[in-house]
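Reader: I'm new to this one. Can you walk me through it?

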Amino acid sequence: ENPMAFTLRVATVADAPAIQRIYAPNVDERPASFEEKSPDVAEVERRIQNTLEKYPYYVCEEVASKQTVAYAYASIHRTRTAYDWSCEISIYVDPAYARRGLGMALCTALLATLHKLEFCLAISGITLPNDASQGLHERLGFEAVGVYHNIGFKLGKWHDAIWYHRDLRVPVLLPSWPSSPAAFYTQAKAQIPTPRPPPSGKPRPFPSLPADAVAECLALGAQWL
């Protein structure tokens with residue numbers, strides 16, 4: 001691929017039609033999302049705005065067409081306040097652009113941003129089977145926690161879901177690493193103190209992050225494009 005074929009940036013409400021187009025089949029035709037009725041564009045606009053009040057929301061744009069072809073964002077894990085240092089991540093890629101590194105790029109930028117915001121743990125749930133998503137999460141340094149069996153009934157059948165988590169103190173993997181991802185994470189985790197010390201304060205909202213810090217995180221992710 002041309003290294004300039006895609007770019008990463010912060011989502012805006014103008015991305016809502018493309019995001020709705022990417023997301024809708026995962027609701028209406030597949031069990032990837034446990035939502036059962038796909039949101040319309042106006043609802044996606046509202047969700048983008050609400051997410052950006054606290055969490056990063058990034059898109060990958062094809063440069064030539066200026067079309068949004070993938071997106072990733074963080075969201076609340078649970079409402080009880082002791083969970084405030086944890087968040088969930090979601091990633092969706094237009095199937096026509098699969099296997100081009102877009103998910104790795106977006107999630108690398110997202111994880112780097114969450115670390116800067118002082119979140120401690122990223123969490124992600126995947127409806128099974130989904131080898132591609134599991135492979136992506138494991139390459140990103142997520143560890144499987146466990147499987148909920150028959151946790152969702154959708155499209156006429158029961159579905160299992162596997163849950164992953166990732167300590168955000170672990171650095172992000174970059175393509176310049178000469179060995180395997182497993183070797184990188186083994187080395188990185190060995191340098192992290194345990195048990196985790198108490199937090200110095202609550203995570204910061206995304207709008208508080210300076211523009212140059214956001215650009216730094218997006219540049220890290222763009223190394224995978």
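**Contacts, rings and a pocket**

Author: Let's start with Tyr57. Leaving out residues up to four places away in sequence, Tyr57 touches Arg9, Val10, Ala11, Ile19, Ile48, Thr51, Leu52, Tyr71, Ala72 and Tyr73. Keep in mind that this is a predicted model.

Reader: Got it. Where is Tyr57 placed?

Author: Tyr57 is in strand β2, which covers residues 57-62.

Reader: Is Tyr57 buried or exposed?

Author: Tyr57 counts as buried, because its relative accessibility is 4% and the cut-off for buried is under 20%.

Reader: Which cluster do ring pairs build there?

Author: Ring pairs link Tyr57 with Tyr23, Tyr71, Tyr73 and Tyr92 into a cluster. Two of those names, Tyr71 and Tyr73, also appear among the residues that Tyr57 touches.

Reader: And what separates Tyr57 from Leu106?

Author: Their C-alpha atoms are 9.5 Å apart. Along the chain, Tyr57 and Leu106 are 49 residues apart.

Reader: Back to rings. How many aromatic pairs does the structure hold?

Author: The structure holds 11 aromatic pairs. One of them joins Trp177 and Phe184. That pair is edge-to-face, with 5.2 Å centre to centre and 70° between the planes.

Reader: What about Trp177, how accessible?

Author: Trp177 has 24% relative accessibility, so Trp177 counts as partly exposed.

Reader: And its partner Phe184, buried or exposed?

Author: Phe184 counts as buried, because its relative accessibility is 12%.

Reader: New topic. Where does Thr113 lie?

Author: Thr113 lies in helix α3, residues 102-116. Thr113 has 0% relative accessibility, so Thr113 counts as buried.

Reader: What does the side chain of Thr113 reach?

Author: It reaches the backbone oxygen of Ala109 at 2.7 Å. The Thr113 side chain also makes a polar contact with the side chain of Tyr58, at 2.7 Å.

Reader: Which residues is Thr113 in contact with, leaving aside neighbours within four places in sequence?

Author: Those are Pro56, Tyr58, Phe206, Leu209 and Cys217. So Tyr58 turns up here too, because its side chain has that polar contact with Thr113 and a polar contact needs atoms within 3.5 Å, while contact means heavy atoms within 4.5 Å.

Reader: Last one: pockets. What volume does the second largest pocket have?

Author: Its volume is about 200 Å³. The pocket is lined by 13 residues, and the closest to its centre are Glu118, Phe119, Cys120, Arg196 and Pro199.

Reader: How does that lining split by class?

Author: The lining of the second largest pocket has seven nonpolar, three polar and three charged residues.

Notes:
Residues are numbered from 1 along each chain as its sequence is written. This is a predicted model: local features need pLDDT of at least 70, side-chain atom pairs count only at pLDDT 80 or more; totals for chains, interfaces and linings use all residues. Side-chain values use heavy atoms; hydrogens and water are left out. Helices (H or I, at least four residues) and strands (E, at least two) are DSSP runs, numbered from the N terminus. Buried means under 20% relative accessible area, exposed over 50%, partly exposed in between (1.4 Å probe, protein chains only). A polar contact is a pair of N or O atoms within 3.5 Å; within protein, one must be able to donate a hydrogen and the other to accept it, and residues adjacent in sequence count only if both atoms are side-chain atoms. On a 1 Å grid over the protein atoms alone, a cavity is a set of points where a 1.4 Å probe fits but cannot get out, and a pocket is an open set with protein on both sides within 12 Å along at least five of seven lines; lining residues have an atom within 4 Å of a point. Grid points are joined across faces, edges and corners, and a volume is the space filled by probe spheres set on the points. Ala, Val, Leu, Ile, Met, Phe, Trp, Tyr, Cys and Pro count as nonpolar, Asp, Glu, Lys and Arg as charged, and the others, Gly among them, as polar. Rings of Phe, Tyr and Trp (its six-membered ring) pair if their centres lie within 6.5 Å; planes under 30 degrees apart count as stacked, over 60 as edge-to-face and the rest as tilted.
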